[in-house]
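User: Please guide me through this model, beginning with how the exposure of a side chain is to be read.

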Amino acid sequence: MSRTALLVTHTGRRRSTEHARSVAADLIAAGFEVRVVADEADDLDLPGVVPVAGQQAAEGAEIVFALGGDGTFLRAAELARPAKVPLLGINLGKVGFLAEAEIDDLDVAVRDVVSRNYTVDERLTLDVTAEFDGGPTIESWALNEISIEKGERAQMLELLVDVDGRPLSRYGCDGVVCATPTGSTAYAFSGGGPVVWPEVEALLLVPISAHALFSRPLVTAPTSTFVITVDPFTTLAVLSCDGRRVYDLPPGARVTVRRGALPVRIVRLRPRPFTDRLVAKFALPVHGWRGSRR
């Protein structure tokens, strides 16, 4: 029975394209049908692959390969999530926090996939709905974070935040980030939020540059619901989902964020403690900046 893999990569980078060709050739030699996104097929110029289009590109596949940085991983997640297909990230970018393997591990990673020598973790996601008068309802999702930010640089955004149906606080701010544990090391981290281990089921809310006496990051239950209302007399706001799907929000818009109905399934090749990943990706000084005292 034929096995199928979908390759997603950064076609604007020559090195990524070269590695995609290598992976495709190895998988085809192992008996896989290899798909690529139709819009990328000409740039990749991979012989023997099958171009596929639309959100159904990963349907029926065994695995999705994301060759690139975190941006490529998030783009691949858009295809893998609805098809419930495991996603394997190979870091060809800079930090690549979401990737499971580095470029030096590429050949080993392909061999492990061929031999089915891997496990799969499920990562919590977020679903978001935005409603406002005179416009269609917006529905989207995110693996890392959903942010509501000011749309005009020179003006402060006024937001009212409810948690679990109860008003929490009104913020004059640059925005609010709602994040998953997976996304705790991304935008939420930059805004002063905590690092949350991916095994922890929780939701995060991080105010950004809030002019308020209480603007601490919050960690809530995974069953919590956030409702962020854009004040009717404030400026235009922007809703961003993983930085990939962006929508304008007029004053008065009401945004609801809750745990996603579908997780993202992520491939693990060599399970290791999250602490080790954190130290490696952020180059943390485990011996302290003063060095050893011995």
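Analyst: A residue is called buried when its relative accessible area is under 20%, exposed when the value is over 50%, and partly exposed in between. Please keep in mind that this is a predicted model. As a case, Arg244 has a relative accessible area of 35% and is therefore partly exposed.

User: Which residue forms a salt bridge with Arg244?

Analyst: A salt bridge requires a side-chain nitrogen of Lys or Arg within 4 Å of a carboxyl oxygen of Asp or Glu. Arg244 meets this condition with Glu78, their closest N and O atoms being 2.6 Å apart. The two residues belong to distant parts of the chain, 166 residues apart: Glu78 is in helix α3 (residues 70–83), and Arg244 is in the loop between β17 (237–241) and β18 (245–249). Glu78 has a relative accessibility of 16%, so it counts as buried.

User: Which residues are linked with Arg244 in a network of salt bridges?

Analyst: The network joins Arg244 to Glu78, Asp242 and Arg245. Asp242 is found in the loop between β17 and β18. With a relative accessible area of 8%, Asp242 is buried. Its backbone also deserves attention, since phi of Asp242 is near 60°, a positive value in a residue other than glycine.

User: Where does Asp164, with its positive phi, lie in the chain?

Analyst: Asp164 is placed in the loop between β11 (157–163) and β12. Its phi is near 55°, again a positive value in a residue that is not glycine. Asp164 is partly exposed, at a relative accessible area of 47%, whereas Asp242 is buried.

User: How many salt bridges does a search of the whole structure find?

Analyst: The search finds 16. Two further cases can be read in the manner already described. Asp174 pairs with Lys150, and their closest N and O atoms are 3.1 Å apart. Asp174 lies in the loop between β12 (166–173) and β13 (175–179), while Lys150 lies in strand β10 (residues 145–150), so the bridge ties together parts 24 residues apart in sequence. Asp174 is partly exposed at 28% relative accessibility, and Lys150 is partly exposed at 24%.

The other case is Arg259 with Glu201, where the closest N and O atoms are 2.9 Å apart. Distant parts of the chain are linked here too: Arg259 is in strand β19 (residues 254–259) and Glu201 in the loop between α5 (187–190) and β14 (203–208), 58 residues apart. Both partners are partly exposed, Arg259 at a relative accessible area of 34% and Glu201 at 47%.

User: Why is there no bond between the sulfur atoms of Cys241 and Cys178?

Analyst: A disulfide is a covalent bond between the sulfur atoms of two cysteines. In a model one looks for a pair of cysteine sulfur atoms within 2.5 Å. The sulfur of Cys241 is 10 Å from that of Cys178, its closest cysteine sulfur, which is too far for a bond. The count for the structure comes to zero disulfides. Both cysteines are nevertheless buried, with 0% relative accessibility for Cys178 and 0% for Cys241.

User: How should I distinguish a cavity from a pocket, and where does the largest cavity lie?

Analyst: In a cavity the probe fits but cannot get out, whereas a pocket is open. The structure holds one cavity of 30 Å³ or more, and the volume of the largest cavity is about 90 Å³. Domain 1 (3–123 + 263–282) and domain 2 (126–259) both contribute to its lining, so the cavity lies between them. Among the lining residues are Phe97, Arg123, Pro181, Arg268 and Arg277. The lining divides into six nonpolar, two polar and three charged residues.

User: Which residues lie nearest the centre of the largest pocket?

Analyst: They are Glu100, Asp121, Arg123, Arg268 and Arg277, out of a lining of 30 residues. The elements that give two or more residues to this lining are β6 (101–102), α4 (106–114), β7 (119–123) and α6 (274–282). Of these, β7 gives the most, with four residues. The pocket has about 580 Å³ of space. Its lining comprises 13 nonpolar, three polar and 14 charged residues. Domain 1 and domain 2 each supply at least three residues to the lining of this pocket.

Notes. Residues are numbered from 1 along each chain as its sequence is written. This is a predicted model: local features need pLDDT of at least 70, side-chain atom pairs count only at pLDDT 80 or more; totals for chains, interfaces and linings use all residues. Side-chain values use heavy atoms; hydrogens and water are left out. Buried means under 20% relative accessible area, exposed over 50%, partly exposed in between (1.4 Å probe, protein chains only). On a 1 Å grid over the protein atoms alone, a cavity is a set of points where a 1.4 Å probe fits but cannot get out, and a pocket is an open set with protein on both sides within 12 Å along at least five of seven lines; lining residues have an atom within 4 Å of a point. Grid points are joined across faces, edges and corners, and a volume is the space filled by probe spheres set on the points. Ala, Val, Leu, Ile, Met, Phe, Trp, Tyr, Cys and Pro count as nonpolar, Asp, Glu, Lys and Arg as charged, and the others, Gly among them, as polar. Domain bounds come from an automatic or database domain assignment.
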